[in-house]
Structure formats: C-alpha cells, structure tokens
Amino acid sequence: MNRPPSPHPSPLGGEGKGVGRRRQTMREVNVKMITEKVRALCMEANTDLGEDVLRAFDRAIDKEESPLGIEILKELKENARIAKEERVAICQDTGFAVIFLELGQNVHLVGGDLKQAIFDGVRQGYRDGYLRKSICHPFTRANTGDNTPAIIHTEIVPGEKVKITVAPKGGGSENMSRVTMLTPSDGVEGIKRFVVQRVKESGSNPCPPTIVGVGIGGTFEQAALLAKKSLLRSLGSKNQDPELDKLESEILNEINQLGIGPQGLGGRTTSLAVHILMMPCHIASFPLAVNIQCHAQRHKEAVI
Ligand code: SF4
C-alpha cells in the first residue's frame with residue numbers, strides 16, 4: 001500500500017519519526033575536495049614556514065649572546081625565504097605526513113573512502129611538490145614509494161565543516177621524543193625534571209632551536225597525542241591556562257640555560273618555546289609525553 005508523503009520529510013532520508021528526533025541538515029562534502037586540500041597543504045607546509053616561526057627567530061636573534069648562534073638563526077630565516085620564493089622544501093626531511101582532521105558531525109562524506117582520499121592527497125602532494133618520500137617498512141626498510149601511509153588523527157566536532165591540518169614531522173626530532181609514566185607523587189617538579197633532561201640528552205639531534213611539545217595526563221597514548229597537538233599552537237601565543245603558561249615559561253628558562261644553542265653549537269636559544277596540553281588522568285597514573293619539534297615547525301590548515 002502506498003503511503004501519502006510525510007508533511008515533514010527528513011533531510012536524512014527518513015520521515016523524522018520517533019520521540020525526540022530533531023530535524024538536522026547534513027552537508028555533503030565530496031572526499032575529492034579533501035584530496036585536493038591535503039595535496040595543496042602538503043606542498044604548502046613543506047615550503048612556507050609560518051610567520052609565527054619567523055617572528056620567533058627574530059626574537060631569538062635579539063636575545064642570543066652567541067655570535068655563531070645569531071648567524072645560524074639568520075641562516076634559518078634565509079633558508080625559509082629561499083624555500084618560500086623558490087617553492088622548494090624547507091628541509092630535505094619532508095617528514096611523515098601527520099593529519100589532524102576535525103570532522104563536523106553534520107557532514108555527510110560522499111564520493112569514496114575518506115582515508116584513501118587523504119592518502120591520495122599525500123601521494124599527489126609529495127609527488128607534485130618534489131618532496132622526499134620518507135616512509136618505509138620497519139624491518140626491510142623498503143620505501144613505500146609515495147610517503148603513505150599518513151597518520152590521521154580524527155576528532156568529531158559540532159557543525160558542518162571539515163578542518164584539515166597537515167603537519168609534516170621530521171624523523172630527527174621525532175626520534176628524540178619520549179613517553180613516560182610518572183608516579184603521582186612526582187608532581188610538577190617531576191615534569192620539569194623529565195622535560196629538561198629529555199632536551200639535554202637530545203643535544204643537537206633534533207636540530208635546535210626546537211619547540212618542545214608536552215602532553216600531561218590522559219593515558220599512555222593520549223599523552224603522546226596531546227604533546228604532538230600542542231605543537232600546532234602558534235609560536236609566541238600564551239597558554240590559555242595561567243598555571244600551564246607559567247610552567248611553560250619556567251621549563252623554557254631552564255632549557256635555555258643548558259647552552260646547547262642553535263644547531264647544538266652553543267648559545268641561549270636551545271628552544272623557541274615549550275607548549276603544554278593537559279587533561280585529567282587515572283588516579284593511579286601520571287602520564288607525561290615530550291614531542292620535540294625541530295626549527296622546521298611546519299603545519300598548514302584549511303577549512304572546507
Ligand atoms: S629534525 Fe627537522 S630540521 Fe632536522 S633534518 Fe629532520 S626535519 Fe630537518
């Protein structure tokens with residue numbers, strides 16, 4: 001039997017029946033748009049260092065006491081200028097393609113598989129931008145040939161937009177990163193000790209001046225993600241949490257007294273910033289992660 005059409009058709013395709021069911025508009029986004037954005041962002045991130053990083057170099061040049069350190073910081077600025085103007089990579093290590101995806105809950109993705117669409121964007125971006133492919137099989141070391149797989153961190157957020165951030169991560173600085181499970185009694189002093197010691201032991205390996213991402217709380221894996229995510233914050237901006245803002249300054253002061261300096265050749269500017277993200281943890285735990293980022297602090301974003 002044919003039923004008459006509902007006077008209130010649901011944009012979701014149903015008829016909007018059911019207690020408490022509300023009308024929602026879903027926005028369709030074709031994953032091909034995501035491929036295009038990821039392609040462009042991979043190239044942009046690898047060739048165009050952010051203005052916030054360039055300003056941080058300037059501030060460091062003003063404060064640096066080592067003539068060699070000042071020279072290196074000026075070279076980093078010049079390197080960034082050439083990379084931007086000539087559309088060549090800021091560094092030969094064009095990194096693991098780390099993608100942060102904020103997916104609006106009112107978005108309906110159409111046109112294919114989201115993960116594959118992102119991988120296609122990475123493939124195309126690294127191919128068309130002449131960027132080094134750096135991803136390999138862990139045992140055989142055979143290169144995957146197209147810089148995939150990418151690492152994708154997806155967060156479902158309110159709204160009908162898709163925000164994509166591409167943050168290529170170099171191996172040298174990633175290798176110096178660590179996760180540890182402190183004990184609750186280690187407290188804030190335990191955090192400081194571990195972070196400063198990590199930077200000290202890293203020496204010149206992560207290509208200083210670095211940005212030190214710190215993740216506190218959550219679980220083992222969440223602490224690492226917080227540390228990585230903290231690196232997306234604009235350099236020179238304040239932490240929204242006054243207590244963490246103070247802790248960032250204190251740790252940065254200690255780090256910059258280590259004398260490692262730009263490229264590890266001595267000086268005050270071992271790190272440009274410490275960024276902290278924190279969340280609650282289990283009563284028995286105190287996870288702490290340090291994700292070190294080199295001076296090639298690359299990330300670009302787009303909103304669809
Ligand atoms: S750590 Fe950073 S600056 Fe050093 S080689 Fe790797 S990507 Fe380049």
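**Ligand shell, sheets and internal spaces**

Cys-91, Gln-92, Asp-93, Gly-170, Gly-172, Ser-173, Cys-207, Cys-294, His-295 and Arg-298 surround the ligand. The structure described here is a predicted model. Sorted by class, the shell around the ligand holds three nonpolar, five polar and two charged residues.

A good place to start with the fold is the sheet that contains β2 and β5. Its four strands follow the order β4-β2-β5-β10, and they make an open sheet with mixed pairing. The edges belong to β4 (151-157) and β10 (300-303); each has a single partner strand, so one side of each is left without a neighbour in the sheet. On average, and with direction ignored, neighbouring strands of this sheet are turned by 15° against each other. Within it, β2 (residues 96-104) and β5 (residues 162-169) run antiparallel and are joined by eight bridges. A residue pair to look for here is Ala-97, which stands opposite Pro-168 in β5. As general background, the strands of a sheet pair through backbone hydrogen bonds, in either a parallel or an antiparallel manner.

Two helices lie across this sheet. Helix α1 (residues 31-47) crosses β2, β5 and β10, and runs at about 35° to β5. Helix α4 (residues 114-128) lies across β2, β4 and β5, with an angle of about 140° to β2.

The other sheet is also open and mixed, with four strands in the order β6-β9-β7-β8. Here β6 (178-182) and β8 are the edge strands, each pairing on one side only. Its neighbouring strands are turned by 15° against each other on average, direction ignored. Strand β7 (residues 210-218) pairs with β8 in the parallel sense, over eight bridges. One bridge links Gly-215 to its partner Leu-277 in β8. Helix α6 (residues 187-202) packs on this sheet and touches β6, β7, β8 and β9 (286-293), its direction making about 30° with that of β9.

Attention now turns to the empty spaces. The count comes to one cavity of 30 Å³ or more, and the largest cavity contains about 80 Å³ of space. Its lining consists of Val-98, Phe-100, Ala-167, Pro-168, Lys-169, Lys-228, Leu-231, Leu-232, Gln-293, Gln-297, Arg-298 and His-299. The elements giving two or more residues to this lining are β2 and β5, and β5 gives the most, with three residues. By class, the lining of the largest cavity divides into six nonpolar, three polar and three charged residues. Two of the lining residues also appear elsewhere in this account: Arg-298 is among the residues around the ligand, and Pro-168 is the residue in β5 that stands opposite Ala-97.

The largest pocket holds about 610 Å³ of space. It is lined by 22 residues, of which Lys-63, Leu-252, Asn-256, Leu-272 and Ala-273 are the closest to its centre. Helices α2 (51-63) and α8 (242-255), together with strand β8 (271-281), each supply at least two residues of this lining. The lining of the largest pocket comprises six nonpolar, nine polar and seven charged residues. Strand β8 thus links two parts of the description, as an edge strand of its sheet and as a contributor to the lining of the largest pocket.

Conventions
Residues are numbered from 1 along each chain as its sequence is written. This is a predicted model: local features need pLDDT of at least 70, side-chain atom pairs count only at pLDDT 80 or more; totals for chains, interfaces and linings use all residues. Side-chain values use heavy atoms; hydrogens and water are left out. A residue is near a molecule or strand if one of its heavy atoms lies within 4 Å of it. Ala, Val, Leu, Ile, Met, Phe, Trp, Tyr, Cys and Pro count as nonpolar, Asp, Glu, Lys and Arg as charged, and the others, Gly among them, as polar. On a 1 Å grid over the protein atoms alone, a cavity is a set of points where a 1.4 Å probe fits but cannot get out, and a pocket is an open set with protein on both sides within 12 Å along at least five of seven lines; lining residues have an atom within 4 Å of a point. Grid points are joined across faces, edges and corners, and a volume is the space filled by probe spheres set on the points. Two strands pair if DSSP finds at least two bridges between them. Axes are lines fitted to C-alpha atoms, for helices over the stretch in contact, and angles run from 0 to 180 degrees between N-to-C directions. Contact means heavy atoms within 4.5 Å.
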